[in-house]
Amino acid sequence: MAASVSISAVLELVEIQLACFLALLLSVAALHKMFWRSRAQRAASELTGLAWRGAGMAASLATVSEIGAAGLLAIPAYRASGALLAASIWSVYFALIARSIVIGRRDVDCGCSFGAAHRPLGLFELLRCASLSLLAIVVAALCFASAGRDGASASLAGAGSGAAILISEALAAAAMLALYAALDHVMALGPLRAGEIR
Amino acid sequence: MSFLIASQVLLWAAVLVLGVVCIALARQVGVLHQRIAPAGALSLRQPLKIGDPVPQLSLPGLDGTTVQVGGVRGGRSQLVLFLSPDCAVCEALLPSLRSAHGAEKNWLDIVLASDGEGDKHEAFVRKQGLSRFPYVVSEQLGRSYGVSKLPYAVLINEAGKLSATGLVNTREHLESLFVAQERGVGSIQQFLKLRGQKRASSGE
């Protein structure tokens with residue numbers, strides 16, 4: 001009995017940490033689109049093929065959707081809906097990037113990197129969208145699973161002091177975002193060509 | 001359980017510090033990239049323009065075989081590197097050339113070209129282990145591409161047209177020719193011009 005309580009607590013902790021990370025990432029992405037609006041608009045135009053005005057509306061829609069998903073993820077009662085919305089957003093990005101690659105437009109700046117530099121579209125950009133979408137689906141599944149369990153929150157509450165858990169969640173979300181940002185910086189650099197000098 | 005929570009807090013704090021350190025390192029690498037970039041082959045004034053068909057020449061190689069330079073060659077591109085046995089920079093570039101020969105062999109053939117006395121070149125090929133590359137000694141070839149400084153490289157695409165060209169002193173310069181062909185620009189000057197136009201149009 002004690003083991004099942006511990007697993008519930010761990011699953012809930014993982015769900016909250018992942019949800020916090022995704023909410024933080026979506027908030028930063030939305031802020032990035034607001035501050036660098038012309039880049040977001042150009043990315044929307046090149047990815048969707050829309051005219052400049054239509055691309056502006058698409059960029060605004062993406063920003064609002066990201067803010068909405070981040071907000072929903074932060075509220076425990078609406079976390080599952082937020083996770084599903086986040087999964088949909090990254091699925092759309094995945095489809096648009098895949099379309100650009102298929103039609104031979106690898107040079108498009110998808111606006112996916114926080115820095116100004118970007119590398120040609122490829123497998124990494126697709127994997128990133130797919131992974132984030134999958135992570136959001138995992139959060140949604142954990143939410144549905146915890147909703148089906150009785151006293152899941154009580155199991156987590158009983159696992160330690162509330163403040164310590166809150167600090168752990170905040171640190172985990174910040175740490176995952178830092179690792180994501182580090183990977184983003186590294187992958188924005190131009191790839192080296194093969195061949196060692198001997 | 002409180003011990004586990006405490007250890008988790010500490011571990012996440014450690015991961016956060018690690019992440020921030022990684023960001024700082026990646027930013028430093030990015031700044032270095034920006035400071036040295038764009039490092040491309042310097043294109044000099046030349047009789048042929050980028051996109052022009054390259055005259056097809058059949059020249060005698062140093063080993064007695066006939067080497068075809070230019071023209072359509074079964075869907076493969078060709079890099080003609082002009083060098084000289086007396087040129088120290090050319091010698092320093094050879095390890096990069098050998099490396100590029102191995103890494104780009106799926107789409108690229110490399111030809112070495114020079115002029116002057118044959119004996120000197122034979123000794124140079126033996127000393128530097130360049131027997132794997134076709135080596136032509138022809139003043140006519142250098143003149144047709146307007147080569148005035150060494151080492152100078154000319155990249156001919158699979159359609160037999162001039163794709164990229166320039167003075168190459170380092171591996172970055174050499175690779176810039178391959179990247180130029182992939183991106184559809186002919187030289188560092190053209191790349192800078194296009195980038196300036198793009199920035200001006202987007203208001204950055």
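Here are a few notes on this predicted model, starting with confidence and moving on to the cores and some local features of chain B.

1. Confidence in chain A. The mean pLDDT here is 86, with 87% of the residues at 70 or more. Helix α4 of chain A (residues 79–102) comes out highest, with a mean of 95. Helix α6 of chain A (residues 152–157) is the low spot, at a mean of 54, and I'd keep that in view when looking at the chain.

2. The main core. The largest nonpolar core holds 50 residues, and Leu22(A), Ala83(A), Ala86(A), Ala136(A) and Val139(A) have the most contacts inside it. Two or more residues each come from α1, α2, α3, α4, α5 and α7 of chain A, and also from α1 (2–36) of chain B. The largest share is that of α1(A), with 11 residues.

3. A look at Ala86(A). If you skip its neighbours within four places in sequence, Ala86(A) is in contact with Leu22(A), Leu26(A), Ala69(A), Leu73(A) and Ala136(A).

4. The other core. There is a second, separate core of 37 residues, which includes Val80(B), Tyr135(B), Leu141(B) and Val168(B).

5. Leu57(B). This residue lies in strand β1 of chain B (residues 57–60). It counts as partly exposed because it has 15 C-beta neighbours inside 10 Å, while a buried residue needs 20 or more. Beyond four places in sequence, Leu57(B) is in contact with Val69(B), Gly70(B) and Leu141(B). Leu141(B) also turns up in the second core.

6. The β6/β7 hairpin in chain B. Strands β6(B) (residues 152–156) and β7(B) (residues 162–167) run antiparallel and are joined by 5 bridges. Tyr152(B) stands opposite Leu167(B). Between the two strands sit 5 residues, and Gly160(B) in the turn has a positive phi of about 80°. β7(B) is mostly covered, with 5 of its 6 residues buried.

7. Helix α5 of chain B. Does the length add up, or what should residues 171–183 span? At 1.5 Å a residue, the 13 residues should span 18 Å, and the end C-alpha atoms are 18 Å apart, so the two agree. The buried residues of α5(B) are His173(B), Leu174(B), Glu175(B), Ser176(B), Leu177(B), Phe178(B), Ala180(B) and Gln181(B). Right after the helix comes Gly184(B), with a positive phi near 80°.

8. A distance to check. Leu177(B), one of the buried residues of α5(B), is 120 residues from Leu57(B) in sequence and 22 Å from Leu57(B) in space, C-alpha to C-alpha.

Definitions and conventions
Residues numbered from 1 in each chain as written. Chains lettered and ligands numbered in written order. Predicted model: local features only at pLDDT ≥ 70, side-chain atom pairs only at ≥ 80, totals over all residues. Helix = DSSP H or I, 4+ residues; strand = E, 2+ residues; numbered from the N terminus. Expected span 1.5 Å × (residues − 1). Buried ≥ 20, exposed ≤ 12 C-beta atoms within 10 Å, placed from the backbone. pLDDT = per-residue confidence, 0-100. Pairing = 2+ DSSP bridges. Contact = placed C-beta atoms within 7 Å. Core = buried A, V, L, I, M, F, W, Y, C linked by C-beta atoms within 7 Å.
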